[in-house]
Amino acid sequence: MANYIPPVQSKISQIIDVIVLLVLAVGALYVPLFLNLVGSAQTSNVPDNPTWEGLGQNPTMVEKWNELGYATAADAAELITARFDYSFSILNLLVMIVVVVGYYAIVLRFSGKEYREVISEKFGDK
Amino acid sequence: MSNTDITSAEMDGMGPKGTKLGLARVLGPAHIWGLGVGIVLVGEYMGWNFAVGKGGAYAALLACWFAGILYSCVAMIDSEVTSTVAAAGGQYTQAKHIVGPLMAFNVGLYLVFAYTMLEAANAITFGFLIDTVAGMTGHEGLDQRPFIILSIMFLAWLNYRGVLATLTFSLVITAFAFCAIIALFLSTAVFMSDSPLRHVELMTDLPYGWLGVLAAMHFGLWYYLGIEGTCQAAEEVRSPARALPFGTLAGIMTLLIAATLTWYVSVGLMPWEYLGQAGVPLFDAARLSGSMTLMVLLGVGTMFATLASANGCINDASRAWFAMGRDHYLPDWFGAVHPKFRTPYRSIIFLVPIALVFALGAPLDQVITFSILSGLLGYTFMPMNVILFRRKWPLDTIKRGYEHPFHPIPAIILLCLCGVTFFAVFLGYGSQLVAMLSFYIIVSLWFHFWRYRFVRRAAQFTMPWPRPRGY
Amino acid sequence: MDIWNVMEYTAWGLSIVFGLYIVIDWIKTDSTYSEEELMSSREGELEAMTEEQQL
């Protein structure tokens with residue numbers, strides 16, 4: 001098999017390649033932000049007139065809260081009652097599984113094709 | 001471009017036949033330990049505690065150990081493959097030889113983005129720390145930007161000047177930060193006559209049940225994220241087949257100890273609701289211990305840990321970028337080595353403005369998530385990598401510096417744990433996950449249909465290995 | 001103007017010094033040495049020099 005000779009890439013084209021990569025990377029970082037799909041935030045459910053007992057804190061916990069600079073139950077209530085929402089839809093989960101598996105499938109398939117070429121050029125045809 | 005060709009008999013660019021310039025081969029196993037642990041240890045000082053917020057104190061411990069198993073598998077698998085593929089680029093070069101060019105390109109990008117984002121996150125934290133110190137001395141409204149920029153510029157300069165000084169610096173400040181954690185544990189748990197630890201009173205049941213344990217895996221990775229970076233130094237250690245497995249495995253043991261101690265001291269001093277949202281948990285722990293010495297020690301430790309991490313990140317990201325340039329996966333301009341300092345100087349320079357843009361412009365949690373996800377994609381690649389490696393080159397075909405035991409059990413465990421972690425990330429950051437995978441899919445198509453035409457085929461396979469089985 | 005303001009200016013100044021050092025050395029290096037020499041690093045040198053893999 002004849003060895004593959006790559007074309008020589010012009011300087012401009014090389015610079016464009018780098019810019020394309022960077023634009024895509026920054027895009028992936030900011031697109032979820034623009035679409036307002038920020039990561040899951042905690043929500044607090046602060047009761048009226050919170051007390052340490054009402055928040056389920058024992059004397060040792062109260063002592064530690066005080067040492068940390070939270071003098072009253074009202075100061076710490078927002079931190080104590082903050083919870084994540086872990087509910088999700090099965091459909092979303094399926095979409096994610098398909099995307100992850102599909103991604104690796106594409107990469108492995110194309111890699112395999114390119115790899116055969118590399119091996120047959122390096123070691124000669126069988 | 002030089003006229004060397006790896007398939008040529010007179011001028012193959014190897015050893016005496018044609019190479020004038022390569023990376024300096026000066027590092028020992030201790031540097032590898034410093035590089036690996038240095039990148040990660042910052043995770044003990046901040047970030048791991050979000051796992052507590054995700055699922056409670058016990059969930060964080062379980063996540064710590066599950067992630068510990070995940071990373072032990074990563075370290076063993078990596079050690080075996082790297083002890084045979086001793087080249088800058090680490091996992092990228094492994095993928096190129098074992099799986100194929102497109103996978104290698106993806107892995108290279110995981111590495112560069114995981115490390116550059118982590119570097120940015122470290123610089124942001126460094127600025128925040130300086131601001132905190134200024135606030136404690138009564139100065140309000142400090143401009144953090146000059147300190148963020150200074151940390152990146154200084155470390156870039158250090159990296160530019162040579163790898164030995166860079167990693168010796170990492171080694172020293174990492175060792176200090178690690179000793180600070182040990183000192184905190186020993187003084188609170190052992191030496192203080194009236195121990196401030198209150199585990200019995202402070203521990204609660206799992207607030208989210210077992211789902212919280214799964215969710216905690218997302219930040220469980222923080223205890224160890226980046227240990228695989230030791231492979232990047234492969235081309236610069238004096239004896240890769242020995243130093244890499246030794247440094248990496250010693251590193252993972254150090255981290256397992258540090259992670260468990262950190263957890264133990266922190267949950268014994270703080271209610272989990274506070275710990276789960278704390279910015280600098282170990283510093284808080286020192287504050288609660290009531291000892292001024294410990295406070296100063298852990299404060300300095302926190303600062304050193306961020307610097308060591310950013311330092312290792314610059315080192316690793318530039319090696320991966322350099323290796324891809326050298327193979328024409330990226331413009332070959334990046335494949336240059338500084339004639340005096342023997343560093344991949346153009347890659348180091350190129351990544352500085354990018355790190356600055358992320359550090360000054362992007363929100364911290366986005367940056368961290370992008371970094372974790374890139375890391376996770378890389379860990380998912382590793383089991384496939386090692387299974388193919390053993391299949392294409394069984395144990396009796398090439399000599400390995402280290403053989404990992406019980407193959408293929410570590411690979412299967414690693415794959416399962418990666419699946420769990422994908423689910424944990426999905427629980428909080430599903431849209432980011434899909435956005436990132438879309439990025440990698442688009443980039444893969446771009447590489448396969450456009451960029452790969454500039455890559456020489458056989459020349460990228462540089463290891464003196466026999467023909468792989470089945471090809 | 002307290003100590004922290006001085007620190008801010010010092011940090012700006014040092015950043016510029018480190019940046020300038022890198023850029024000046026970069027330009028100097030690129031103009032002193034030929035591209036061919038700068039890019040003569042090859043992957044896999046190590047294996048070729050130390051040991052032949054045995055079958």
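Buried residues account for 36% of the 55 residues in chain C, where buried means under 20% relative accessible area, exposed means over 50%, and partly exposed lies in between (1.4 Å probe, protein chains only). Please keep in mind that this is a predicted model, in which local features need pLDDT of at least 70 and side-chain atom pairs count only at pLDDT 80 or more, while totals for chains, interfaces and linings use all residues. Residues are numbered from 1 along each chain as its sequence is written, chains are lettered from A in the order in which they are written, and side-chain values use heavy atoms, leaving out hydrogens and water.

**Chain C and its helices**

Let's stay with chain C for a moment. Chain C has three helices and zero strands; helices (H or I, at least four residues) and strands (E, at least two) are DSSP runs, numbered from the N terminus. About 3,400 Å² of chain C is exposed, with carbon and sulfur atoms supplying 66% of that area. Accessible areas come from the Shrake-Rupley method with a 1.4 Å probe, and for residues only the protein chains shown count as cover.

**Annotated transmembrane regions**

UniProt (unreviewed entry) lists a "transmembrane region" at residues 6-24 of chain C, and two more spans carry that label in chain A, residues 12-35 and 86-106. UniProt positions are given in the numbering used here, feature names are shortened, and annotations may be inferred rather than shown by experiment. Here is how the model looks over those spans.

| Span | Helix | Strand | End C-alpha separation |
|---|---|---|---|
| Residues 6-24, chain C | 100% | 0% | 27 Å |
| Residues 12-35, chain A | 96% | 0% | 33 Å |
| Residues 86-106, chain A | 81% | 0% | 31 Å |

**How the chains meet**

Of the two pairs of chains that touch, A and B share the most contacts, a contact being heavy atoms within 4.5 Å. In that pair, 68 residues of chain A are in contact with 94 residues of chain B. Chains A and B bury about 7,300 Å² between them, 71% of it on carbon and sulfur atoms. On the chain A side, Y86(A), Y103(A) and Y115(A) lose the most area to chain B, together 11% of what that side buries. Buried area is the accessible area (1.4 Å probe) that two parts lose on being put together, summed over both.

Two salt bridges are counted between chains A and B. R457(B) forms a salt bridge with E117(A), with 2.6 Å between the closest N and O atoms. The rule asks for a side-chain nitrogen of Lys or Arg within 4 Å of a carboxyl oxygen of Asp or Glu.

Turning to chains C and B, 37 residues from chain C and 65 residues from chain B take part in the contact. The area buried there is about 4,700 Å², with 62% from carbon and sulfur atoms. In chain C, W4(C), R42(C) and E43(C) lose the most area to chain B, together 18% of what that side buries. Four salt bridges cross this interface, and R346(B) pairs with D30(C) in a salt bridge at 3.2 Å, N to O.

Chains A and C have no contact, and their closest C-alpha atoms lie 14 Å apart.

**A closer look at L202(B)**

L202(B) sits in helix α8 (residues 199-202) of chain B and is buried, at 3% relative accessible area. Not counting residues up to four places away in sequence, L202(B) touches residues including M61(A), K64(A) and V267(B).
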